[in-house]
Amino acid sequence: MLDSHYLLRHTQFVTMMWELQRQLDLQELPAASSQSAPHCMEMAALPEDELLQVLSHLSPGELLQCRQVCRRWRDLALHPDLWRSKSLRASSGSSARLVAAALRLAPCLNHLSMLGSESMARLGVLLSSTTCAFAKLYIWVDPADAVLVAVVVSRQAALGRLRVVELSLWSRDLNEETFLRLQCLHESLLYTPGLERLYLSIGEGTADIMRWRAPLSHVAKSDLPVPASLQVLMYPSEFAHTYLPLHLEWHASTLKSVTLGNAPPPPRTAALLSTVSNLRELTCPMMADMPAILQCTELKVLRLYPRLEDATQPFLPGVLKFLRGAVMHLRDLALNFSVVPHLQASDTVLSLGGSGEAAPALKRLEFQFKCENDMSPPPGYGTVPLRNLATVIHRLKNLVHLDLDGPLHDDLLRELDGEVLPHLQELYFDLPEPCMHEWAHREQVRAAVLRCPLLHLSAMSKWEEGACTFCQGCCRHDSCERHVVFSHPTEAICGVSHYDSDIHIK
């Protein structure tokens, strides 16, 4: 077996071999090329396994060029072992030509990305008939191409290697015909065997139009399920009433991660999720029947967000009951309160203390109070909920990371203690002062970080020239920069990255 230096040295001869063969065919071999003949003979004498290792360093385009060297290389350049790890991306004319050549000749690919309807128009016929088998397929197209995408997925499923499908669909104009095409695509995905990961993303324009459609109530094909294989499912809610329950039911024994859209899910979604025995990660809207998911004791990561209509409806009591029980085994929890009224968000925060004498298992807790769109929440939106966090923070003894997405109040600062919260390392918050340096000189801040040697208080500074009396002549920093306040010895290894702009409290 050749060592890596020997393999890399021989890799440099590949392009030269192709040029040498071309010159031989033209019988115009320069005299200088004769000096390379020993190298060519040495290359040709390599056993097949070693030669395959050399060729494995080449790109897909270079492998296709190597087919012109000789008969032996023509066959070896298409060896499946060389192509199983190769990936291609079609987004322009030149890249589409390379993908077309691979679809005609290559036996397989690891990952193929199709970006834009133009690429699908160029390669659609080849994709629907190719014998090149992909393990992963990513397609970003207009919903009008949904039927063609369904044909491509079915073709790859028939070839037997398809394990991951990622689809992004976006359009501002969704008519009746396009809606039916999308239904055909969803149905095709439902009956695709062997999938381990399925990601579906529908653009905002498409989703808004689809929400006006009545839920589909039937599946046209046979109700015979495909064998369970899905481990990761990201599914938009626009077609959830028809296909999501079947995905959850058929793959309950294999699913580990589920992400749902923010439209109202089907009524039985929580009950179906409760049957997913190995569920470890869940992203979903708040649901009234969430206590059913308490049966998923393996659930470790949860991201909860409200539906748009939750802002005007009474807060769902089932969510509070669920959180009180779930925090006893959750490790990572993210709560989105961007459209949830103050009192409802405050009650949710209080439920994080759990129930019983045992401490919640939470290691990472994140809040989101800011709206993702252009609408800004009222001033002090997160004030009431975050003040209530101070009353339950002593229960979160396993907490390592805390992101407030709001102000760090003195009530919470007083509760921070290294003995009560021995593992807390990072606390992110919104800075109430113009300058982080001025805020760090407050007595409550200094006392908190000295009580917690592992703690790092992190915020974006909004310092302006002349705004901070403490900064005159003692420190300089950019007007928008993240700063960390800490107290442990500077030479200690803490697992948190430090910069010159950090503030060390001695």
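Student: In this predicted model, at roughly what angle do the axes of helix H9 and helix H10 cross?

Tutor: Helix H9 covers residues 117–129 and helix H10 covers residues 146–159. Their axes come within 8 Å of each other, and H9 passes H10 in a left-handed crossing. The crossing angle is roughly 35°.

Student: Which residues of H10 meet H9, and how do the residues of this contact divide by character?

Tutor: On the H9 side, the contact involves Met120, Gly124, Leu127, Ser128 and Ser129. Their counterparts in H10 are Leu148, Val149, Val151, Val152 and Arg155. By character, the residues of the contact divide into six nonpolar, three polar and one charged.

Student: H9 also holds a salt bridge between Arg122 and a second residue; which residue is the partner, and is that partner buried or exposed?

Tutor: Both members of the pair lie in H9, four residues apart, about one turn of the helix. Their closest N and O atoms are 3.5 Å apart. Arg122 is partly exposed because its relative accessibility is 46%, whereas the partner has 52%, which is over the 50% cut-off. The partner is therefore exposed, and it is Glu118.

Student: How many residues of strand S10 are buried?

Tutor: Strand S10 spans residues 332–336 and is mostly covered. Asp332, Ala334 and Asn336 point one way from the strand, while Leu333 and Leu335 point the other way. Residues on both sides are buried, and the count for S10 is five of five.

Student: Which strands are joined to S10 by bridges, and how many bridges are there to each?

Tutor: Strand S9, residues 301–305, runs parallel to S10, and within this pair Leu302 has Leu333 as its bridge partner. Strand S11, residues 364–368, also runs parallel to S10, with Leu335 standing opposite Phe367. The bridges number four to S9 and five to S11.

Student: What is the N to O distance in the salt bridge of Asp81 and Arg84?

Tutor: Side chains of opposite charge can pair when their charged atoms come close. Asp81 counts as partly exposed because its relative accessibility is 46%, and Arg84 is partly exposed at 41%. Their side chains meet in a salt bridge with an N to O distance of 2.3 Å.

Student: How many residues apart are Arg442 and Asp410, which form a salt bridge?

Tutor: The closest N and O atoms of Arg442 and Asp410 are 2.7 Å apart. Arg442 lies in the loop between helix H19 (436–440) and helix H20 (443–451), and Asp410 lies in helix H18 (residues 410–415). Arg442 is partly exposed at 22% relative accessible area, and Asp410 is likewise partly exposed at 24%. The pair links distant parts of the chain, its members being 32 residues apart.

Student: How many salt bridges does the structure hold, and which residues are linked in a network of them?

Tutor: The structure holds nine salt bridges. The residues linked in a network of salt bridges are Arg387, Asp411 and Arg414.

Student: Why does Thr269 count as buried, and which residues does it touch?

Tutor: Thr269 lies in helix H14, residues 269–273. Its relative accessible area is 1%, and a residue under 20% counts as buried, so Thr269 falls in that class. Not counting residues up to four places away in sequence, Thr269 touches Leu244, Leu248, Leu260 and Met287.

Definitions and conventions
Residues are numbered from 1 along each chain as its sequence is written. This is a predicted model: local features need pLDDT of at least 70, side-chain atom pairs count only at pLDDT 80 or more; totals for chains, interfaces and linings use all residues. Side-chain values use heavy atoms; hydrogens and water are left out. Axes are lines fitted to C-alpha atoms, for helices over the stretch in contact, and angles run from 0 to 180 degrees between N-to-C directions. Helices (H or I, at least four residues) and strands (E, at least two) are DSSP runs, numbered from the N terminus. A crossing is left-handed if the near helix is turned anticlockwise from the far one by less than a right angle, and right-handed if clockwise. Contact means heavy atoms within 4.5 Å. Ala, Val, Leu, Ile, Met, Phe, Trp, Tyr, Cys and Pro count as nonpolar, Asp, Glu, Lys and Arg as charged, and the others, Gly among them, as polar. Buried means under 20% relative accessible area, exposed over 50%, partly exposed in between (1.4 Å probe, protein chains only). Two strands pair if DSSP finds at least two bridges between them. A salt bridge is a side-chain nitrogen of Lys or Arg within 4 Å of a carboxyl oxygen of Asp or Glu.
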